[in-house]
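Here are a few notes to read alongside the structure, meant for someone opening it for the first time. Have a look around, then work through the points in order.

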Amino acid sequence: MQIALFQPDIPQNTGTILRLCACMDVAAHIIEPAGFAISDRRFRRAGMDYLDQVTLTRHDSWSKFDQWRKEAGYRLVLFTTKSASPYLDYQYRATDILLFGRETAGVTDEVAAAADAKLVIPIKPSLRSLNVAMAAAMALGEALRQTNAGVKETLR
Ligand SMILES: C[S@@+](CC[C@H](N)C(=O)[O-])C[C@H]1O[C@@H](n2cnc3c(N)ncnc32)[C@H](O)[C@@H]1O
């Protein structure tokens, strides 16, 4: 399982998600341009020393990322509020990439069209969306549970 962030623009969210990836032993991908520098103090504060433990790849553009993942044969599973397919009904594979959109605008139509699946985390109908880091944690939890790919060690 891997996580990809499309043009993230809030450094604290990205730091939080990378900490999640470090703890769950999941590789992370940032599709540039991001709305902040990797040296951003808010990003580093959210990710703390966990940032040293995450396998992070930064892709220069959407097209380079998409070419790479197609060549590698990874399915792209997009999480979006603009889907009617609940994320709990989907059958994940251990090689899937879970993709999350930019905080302010989600993903472009081109990105959505390229996804192999588009899934929603159902929320109360009158509300707009989850924070992206919360959505990533819920999605990754379910995907790892289904594929039995989570870290098995317990805290000592
Ligand atoms: C704050 S939301 C972006 C909202 C944006 N207006 C949009 O239309 O996508 C940031 C990202 O979190 C994820 N997300 C948030 N709530 C979600 C939900 N209920 N279901 C699936 N993904 C969600 C999506 O990847 C979304 O692109």
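1. Start with the largest cavity, which has a volume of about 40 Å³. Keep in mind that this is a predicted model. How many cavities of 30 Å³ or more does the structure hold? Just 1.

2. Now for the walls of that cavity. Its lining is made up of Leu5, Phe6, Pro8, Asn13, Thr14, Ile17, Phe100, Gly101, Arg102, Glu103 and Val132. Two elements, strand S1 (2–6) and helix H1 (11–24), give two or more residues each to this lining. H1 has the largest share, with 3 residues. Sorted by class, the lining comes out as 6 nonpolar, 3 polar and 2 charged residues.

3. Next, the annotation. The unreviewed UniProt entry puts the feature "binding site" at Gly101, Ile121 and Ser129. These positions span 29 residues in sequence, but no two of their C-alpha atoms are more than 13.5 Å apart, so they gather at one spot. Among these residues, Gly101 is included in the lining of the largest cavity.

4. Take a closer look at Gly101. You'll find Gly101 in the loop that runs between strand S5 (97–100) and helix H4 (109–114). Is Gly101 buried or exposed? Its relative accessible area is 16%, and the cut-off for buried is under 20%, so Gly101 counts as buried. Setting aside residues up to four places away in sequence, Gly101 touches Phe6, Gly106, Val107 and Val132.

5. Ile121 is the next annotated position to check. Ile121 sits in the loop between strand S6 (117–119) and helix H5 (132–147). With 10% relative accessibility, Ile121 is buried too. Its contacts, leaving out neighbours within four places in sequence, are Phe79, Tyr87, Leu130, Ala135 and Met138.

6. On to the open space. The largest pocket holds about 670 Å³. Which residues come closest to its centre? Of the 31 that line the pocket, they are Phe79, Thr80, Thr81, Gly106 and Ser129. Ser129 is also one of the positions that UniProt lists under "binding site". Strand S4 (76–79), H4, S6 and H5 are the elements that give two or more residues to the pocket lining. By class, that lining has 16 nonpolar, 9 polar and 6 charged residues.

7. Now the packing. In soluble globular proteins, nonpolar side chains tend to be buried together. Here, the largest nonpolar core has 31 residues, and those touching the most other members are Ile3, Ile17, Val77, Phe79, Tyr92, Leu98 and Phe100. At least two residues of this core come from each of S1, H1, S4, S5, S6 and H5. H5 supplies the largest share, 8 residues. Apart from this core lies another, of 13 residues, including Ala4, Ile31, Leu99 and Ala112.

8. A few residues are worth following from one point to another. Phe79 belongs to the largest core, is in contact with Ile121 and is listed among the residues closest to the pocket centre. Ile17 and Phe100 line the largest cavity and are members of the largest core as well. Last comes Tyr92, which touches Met1, Arg75, Val77, Phe79, Tyr87, Leu98, Leu119, Glu142, Ala143, Gln146 and Thr147, not counting residues up to four places away in sequence.

Terms used. Residues are numbered from 1 along each chain as its sequence is written. This is a predicted model: local features need pLDDT of at least 70, side-chain atom pairs count only at pLDDT 80 or more; totals for chains, interfaces and linings use all residues. Side-chain values use heavy atoms; hydrogens and water are left out. UniProt positions are given in the numbering used here, feature names are shortened, and annotations may be inferred rather than shown by experiment. On a 1 Å grid over the protein atoms alone, a cavity is a set of points where a 1.4 Å probe fits but cannot get out, and a pocket is an open set with protein on both sides within 12 Å along at least five of seven lines; lining residues have an atom within 4 Å of a point. Helices (H or I, at least four residues) and strands (E, at least two) are DSSP runs, numbered from the N terminus. Buried means under 20% relative accessible area, exposed over 50%, partly exposed in between (1.4 Å probe, protein chains only). Contact means heavy atoms within 4.5 Å. Grid points are joined across faces, edges and corners, and a volume is the space filled by probe spheres set on the points. Ala, Val, Leu, Ile, Met, Phe, Trp, Tyr, Cys and Pro count as nonpolar, Asp, Glu, Lys and Arg as charged, and the others, Gly among them, as polar. A nonpolar core is a set of buried Ala, Val, Leu, Ile, Met, Phe, Trp, Tyr and Cys residues joined through side-chain atoms within 4.5 Å.
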